[in-house]
Amino acid sequence: MAQDELTQEEGKKKGGLLKWIIIAVVLIALGVGGWFGYKMFFAAPPEDAAATQDAGGDAGKPAENLEGQLVPLPTFLVNLADPLGRRYLKLGVEVEVRDEEAQAALAKYEAKIKDTLLLLLSSKSYDGLSTMQAKVELKQEIADRLNQIIGNGGVLRVYITEMVIQ
């Protein structure tokens, strides 16, 4: 009887130790995964990339800014090309432009831009805007049309800030 009690105690000790080893391995794996995720998605890019550009003989030139300026466009409210004519789209858009020249062109050609986008948006149907892919394609169509108007590839990206389809 005493031998059975010792075996049971030994088994409990081994089971308890195994449990703690598994917990430690899981915690280490979570820590490593968290560190990797932070480095990949949240950490700022290394500063030495800009220093490497400067060392290449371009010390007098500032690093090229790949980010543009955001310019809000007016909110568009149009009837969709629906068979019953009962659906409408309210769309708010901001445009990222390359430079101040493109920003000035947006203001200069405001009437053309409104006309072009109103015609584009009113040609869409509810079904043609209901999927995520359709929204991404709409953003690209808007960027293409704006670049046709202002020229020089001045529009970098289009951001939908408000979208209501009813």
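**Two helices and a charged link**

Helices α4 and α6 are roughly antiparallel to each other (an angle over 145 degrees, where 0 to 180 is possible between N-to-C directions), because they pack at an angle of about 150°. This is a predicted model, in which local features need pLDDT of at least 70, side-chain atom pairs count only at pLDDT 80 or more, and totals use all residues. Residues are numbered from 1 along each chain, and side-chain values use heavy atoms, without hydrogens or water.

Let's look at the helix pair. Helix α4 covers residues 110-122 and helix α6 covers residues 132-150 (DSSP runs of H or I, at least four residues). Their axes, lines fitted to C-alpha atoms over the stretch in contact, are 10 Å apart. From α4, Lys112, Ile113, Thr116, Leu117, Leu120 and Leu121 meet Leu138, Glu141, Ile142, Arg145, Leu146 and Ile149 of α6 (heavy atoms within 4.5 Å).

Now for the charges. The whole structure holds 4 salt bridges (a Lys or Arg side-chain nitrogen within 4 Å of an Asp or Glu carboxyl oxygen). In one salt bridge, Glu162 meets Lys90 at 3.3 Å, N to O. This pair links distant parts of the chain, 72 residues apart: Glu162 sits in strand β4 (residues 155-165) and Lys90 in strand β3 (residues 88-97), strands being E runs of at least two residues.

Technical notes. Angles under 35 degrees count as roughly parallel, over 145 as roughly antiparallel, 65 to 115 as roughly perpendicular and the rest as oblique.
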